[in-house]
Amino acid sequence: MQPRNMSMSGVVDLAAVKQAQEAKTKAEQARAEAARHGGAGAVSPADLVIDVDEAGFESDVLQRSTEVPVVIDFWAEWCEPCKQLSPVLERLAVEYNGRFLLARVDVDANQMLMQQFGVQGIPAVFAVVAGQALPLFQGAAGEAQIRQTLDQLVQVGEERFGLTGLVVDPEAEPGAAQPAAPERPAGPHDAALDAAVQAMDAGDLGGAVQAYKNVLAEDPGNTEAKLGLAQAELLQRVQNADPQQVRQEAADKPGDAQAQIAAADLDLVGGHVEDAFGRLIDAVRVTAGDDRNAVRLRLLELFEVVGADDPRVTAARRALARALF
């Protein structure tokens, strides 16, 4: 099963935004249900590490990522660094006690998943949070670095998506299913938001933009509509762009605000988040007046696309402040 929206890897999966908003409620309901049954439905420590293939990716990774961050370990039997990294990740999965789920993917048996995630070499570690794919690190890494990365991942999962993790019971039988959480009542704008996502899937970016604007006109604080509108407008801007021409112009005119803005949009759509942010921060340093303000405003818009709690946004905000002041 192909991961949804992998062309926007590391940015935002629109179809998962709604799931993310409901994730905290569902996880808390699952925890409450497990408590009422004396722990029934909790997973065992052995269930915190799973082997995943292409056929099970949708259910084992994408769907589970609305409950708990899923860390994906791309490995192979012949890979010596993998033999050092994988046991560390497995041990930490148990130590973190349900705050993330570790999914192991054998690249020799799952070449399509390797290609869809853009894995260039192994070991490579990604995460999927509420359907959103995030690159974590590639190659050998020390345990201190791994812990720091996992701590940031768990924090983003909890603060941005409300993912409170899995209930772990050492006495639970491995493979025990968790109780299904009650369905959350439909919200007042669910139909309009679903229509916006369907328009996105159909390539009707103008229709999606208008649908999100309609929701925001009635509910200005709607998080899903804000994120959806930011991404729909981004995709609309790059829809007819010639990538080669845009990048050549940006290279030829480092001080041209509009050239750098256009290239940054392409960077972000390609999943190169740090490149997009860095390009615009550099442009802030070398521009002035209206041009500088235009670059700053576009950077703030791209922050909205990625999400305010993303560590890359936090770092870029600090860099922007230094460039401005």
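## Close-up views of helix 10 and the five-stranded sheet

**View 1. The buried residues of helix 10.** Ala257, Ala259, Gln260, Ile261, Ala263, Ala264, Asp265, Leu266, Asp267, Leu268 and Val269 are the buried residues of helix 10. Please keep in mind that this is a predicted model. Because 11 of the 13 residues in helix 10 are buried, the rest of the structure largely encloses this helix. Which helices do these buried residues pack against? Their partners are helix 8 (223–238), helix 9 (243–252), helix 11 (273–286) and helix 12 (289–306).

**View 2. Helix 10 from end to end.** Helix 10 covers residues 257–269 and spans 19 Å between its first and last C-alpha, close to the 18 Å expected at 1.5 Å a residue. Look at the start of the helix to find Asp256: one of its side-chain oxygens comes to within 3.0 Å of the backbone nitrogen of Gln258. After helix 10 comes Gly271, with a positive phi near 85 degrees.

**View 3. The open sheet.** Five strands form this open sheet in the order 1-3-2-4-5, and their pairing is mixed. Strand 1 (49–51) and strand 5 (132–138) are the edge strands, each pairing on one side only. From one strand to the next, the twist averages 25 degrees. Helix 5 (residues 143–161) lies across strand 2, strand 4 (124–129) and strand 5, and runs at about 165 degrees to strand 5.

**View 4. Strand 2 and its two neighbours.** Here we zoom in on strand 2. Six bridges link strand 2 (residues 70–75) with strand 3 (residues 101–106) in the parallel sense, while strand 2 and strand 4 run antiparallel and are joined by five bridges. Val71 is a handy residue to follow across the sheet: Leu102 stands opposite it in strand 3, and Ala127 is its bridge partner in strand 4. Strand 2 and strand 3 also belong to a right-handed β-α-β unit, together with helix 3 (residues 80–95).

**View 5. The two faces of strand 2.** Side chains in a regular strand alternate between the two faces of the sheet. In strand 2, Val70, Ile72 and Phe74 point one way, whereas Val71, Asp73 and Trp75 point the other way. Are these side chains' residues buried or exposed? Residues on both sides are buried. With six of its six residues buried, strand 2 is therefore largely enclosed by the rest of the structure.

Key
Residues numbered from 1 in each chain as written. Predicted model: local features only at pLDDT ≥ 70, side-chain atom pairs only at ≥ 80, totals over all residues. Heavy atoms only, no water. Pairing = 2+ DSSP bridges. Helix = DSSP H or I, 4+ residues; strand = E, 2+ residues; numbered from the N terminus. Axes fitted to C-alpha atoms, helices over the stretch in contact; angles between N-to-C directions. Contact = heavy atoms within 4.5 Å. Expected span 1.5 Å × (residues − 1). Buried < 20%, exposed > 50% of the residue type's maximum accessible area, 1.4 Å probe, protein only. Polar contact = N/O pair within 3.5 Å; in protein donor to acceptor, adjacent residues only side chain to side chain. Right-handed = clockwise from strand over helix to strand, strands pointing away.
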